[in-house]
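Me: Please walk me through this model one question at a time. Let's start with the ground rules.

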Amino acid sequence: MSLEVKLGDIVLRNPVLVASGAYGYGDDYSAFFDNSVIGGFVTKSVTPRPRRGNPHPRVAETPCGMLNSIGLENSGIDHFLEREWPAVLEKPCVPILSIAASAAEEYAEMCAKAERAGGVRAIEINLSCPNVKEGGRTFGTDPRVVESILRGCRRETSAFLIAKLTPNTDPVPIARGAEAGGADGLSLINTLLGMAIDVERRRPKLAMGMGGLSGPAIRPVALAMTYRVCRTTSLPVIGIGGISTWSDVVEFLLVGATAVQVGTALFSDPVAPIEMIAGLNEYCVRHGHESITGVIGALESGDLILEGVHA
Ligand code: RRO
C-alpha cells in the first residue's frame with residue numbers, strides 16, 4: 001500500500017503536509033513527531049524585508065477555531081535564506097518555501113533570490129494574507145494581478161510554483177488567473193476574515209480588530225472551494241482549512257485534492273499528522289486501494305452536484 005503522491009516531479013511520501021505559519025521552519029513539533037513521517041511542510045511566509053508583525057493580542061480562540069493577526073512577522077528573505085534555509089533543506093521531507101509581498105516585482109525578486117540560494121524545489125506564493133492591508137487582501141482578489149505575479153515568478157525560477165488562494169472572494173477566477181500566469185499547483189484556503197469582541201471591555205479581542213479565522217469551523221467552506229477549484233483546473237490542488245482527522249483528509253482527496261495541509265489542528269493535537277497518516281493507510285486497505293492516488297477525485301456523484309448553480 002502506497003501513500004505517495006506527486007506534485008509535478010516532486011514525490012511526497014504521503015499527502016499530509018504541515019501548513020505555513022503552524023510549524024515555523026520545521027522544528028516546532030520535533031518533540032511530537034519527526035519530519036520523516038510527514039510528506040512535507042510549508043515555511044512561515046517570508047517577505048522582502050523584516051517585519052515585526054502586528055500588536056498583541058494577535059490570537060483569539062473562537063468556537064471550533066481561532067483568529068490570528070500575526071501580521072507576517074519574519075526576519076526577511078535575506079536573513080532567512082542565509083540563516084534558516086540551509087537547516088530547512090536538511091529536513092527529511094519536502095520543504096516548501098512560502099513568500100509574501102506587496103508588489104508583483106517583489107515576489108519575482110524573492111523567487112530570484114531563492115533560486116540563487118539553491119535547493120528550492122517548491123515555492124508557495126502567499127496571495128492571501130488577511131492581516132496586512134498591503135499584503136494580499138486586495139491584490140489576491142484580482143485575477144489579472146494574480147496572473148501577473150505568477151508570470152513574474154515563473155520567469156525567475158523553475159521551482160514548482162503553488163499559488164495560495166484567499167477564501168475572501170470567489171477562488172475560481174483567481175485559480176484561473178494563477179494557472180494562466182504559469183502556476184504549477186494551487187493551494188486553498190487561507191484564513192477567512194473574521195472578528196470577535198470582548199463585550200465587557202467593548203473592544204475587539206484582537207488588537208488589529210479583525211483577523212484570519214482557521215480551524216474546523218472553516219472546513220466545509222474550504223472543502224466546497226476546493227471541490228469547485230478542482231473542477232476548473234487540471235493543476236494539482238492542495239486542500240487546506242480545518243483539517244483535523246484522517247477522514248477530513250479523505251474528504252479533501254475525494255473532491256480532487258492531491259495533498260492537504262494541516263495547521264490549527266496541531267495546537268490542540270500535536271500528533272494529529274501521525275494519526276492522519278495511520279488512518280489513511282487503514283482507509284486504503286479497507287477500501288481496497290493499493291495506492292492513495294485511487295482516492296483522489298473518487299467522489300461518487302461528483303458530476304451531479306448542482307454544477308449550474310455553484311459553478
Ligand atoms: O501572518 C499572518 O498574520 C498570516 C498570514 Br501571512 C497568512 O497568510 N494567513 C494568516 O491567517 N495569517
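Reply: Buried means under 20% relative accessible area, exposed means over 50%, and partly exposed is in between, with a 1.4 Å probe and protein chains only. This is a predicted model, in which local features need pLDDT of at least 70, side-chain atom pairs count only at pLDDT 80 or more, and totals for chains, interfaces and linings use all residues. Residues are numbered from 1 along each chain as its sequence is written, and side-chain values use heavy atoms, with hydrogens and water left out.

Me: Thanks! Is Gly 65 buried or exposed?
Reply: Gly 65 lies in strand β6. Its C-alpha atom is separated by 5.9 Å from that of Pro 216, although the two are 151 residues apart along the chain. The relative accessibility of Gly 65 is 13%, so the residue counts as buried.

Me: How many helices and strands are there in the chain?
Reply: Both kinds of element are DSSP runs numbered from the N terminus: helices are H or I over at least four residues, and strands are E over at least two. By that count the chain holds nine helices and 16 strands.

Me: What radius of gyration does the chain have?
Reply: The C-alpha trace spans about 50 × 50 × 45 Å along its principal axes, and 55% of the 311 residues count as buried. The radius of gyration is taken over C-alpha atoms, and the globule rule is 2.2 Å times the number of residues to the power 0.38. For 311 residues that rule puts a compact globule near 19 Å, and the chain agrees with it, at 18 Å.

Me: How many residues of strand β9 are buried?
Reply: Phe 160, Ile 162 and Lys 164 point one way from β9, Leu 161 and Ala 163 point the other way, and all are buried. The strand is therefore largely enclosed by the rest of the structure, and the buried count is five of five.

Me: Which residue of β10 is the bridge partner of Ile 162?
Reply: Two strands pair if DSSP finds at least two bridges between them. Strand β8 (residues 122-126) pairs with β9 in the parallel sense over five bridges, with Ile 123 matched to Leu 161. Strand β10 (residues 185-188) also runs parallel to β9, joined by three bridges. There, Ile 162 has as its bridge partner Gly 185.

Me: Which helix completes the right-handed unit of β15 and β16?
Reply: A crossover is right-handed if, with the strands pointing away from the viewer, the path from the first strand over the helix to the second runs clockwise. One such β-α-β unit is made by β9, helix α4 (residues 171-181) and β10. Strand β15 (residues 237-240) pairs in parallel with β16 over three bridges. Their right-handed β-α-β unit uses residues 246-254, helix α6.

Me: Which residue of β16 is the bridge partner of Val 16?
Reply: Ala 259 and Gln 261 point one way from β16, Val 260 and Val 262 the other, and all are buried. Strand β3 (residues 16-18) runs parallel to β16, with three bridges between them. Within that pairing, Val 16 is matched with Val 260.

Me: What volume does the largest pocket have?
Reply: On a 1 Å grid over the protein atoms alone, a pocket is an open set of points with protein on both sides within 12 Å along at least five of seven lines, and lining residues have an atom within 4 Å of a point. Grid points are joined across faces, edges and corners, and a volume is the space filled by probe spheres set on the points. For the largest pocket this gives about 520 Å³.

Me: Which of its 33 lining residues are closest to the centre of the largest pocket?
Reply: β6 (65-68), β16 (259-262) and α7 (265-268) each supply at least two lining residues. Closest to the centre are Ser 20, Gly 21, Asn 68, Asn 190 and Thr 191.

Me: What is omega for the cis peptide bond of Leu 188 and Ile 189?
Reply: Most peptide bonds are trans. Ile 189 sits in the loop between β10 and β11 (192-195). The bond joining Leu 188 to Ile 189 is cis, with omega of about 15°.

How values were computed: 1 Å grid on protein atoms, 1.4 Å probe; cavity = no way out; pocket = protein on both sides within 12 Å on 5 of 7 lines; lining within 4 Å.
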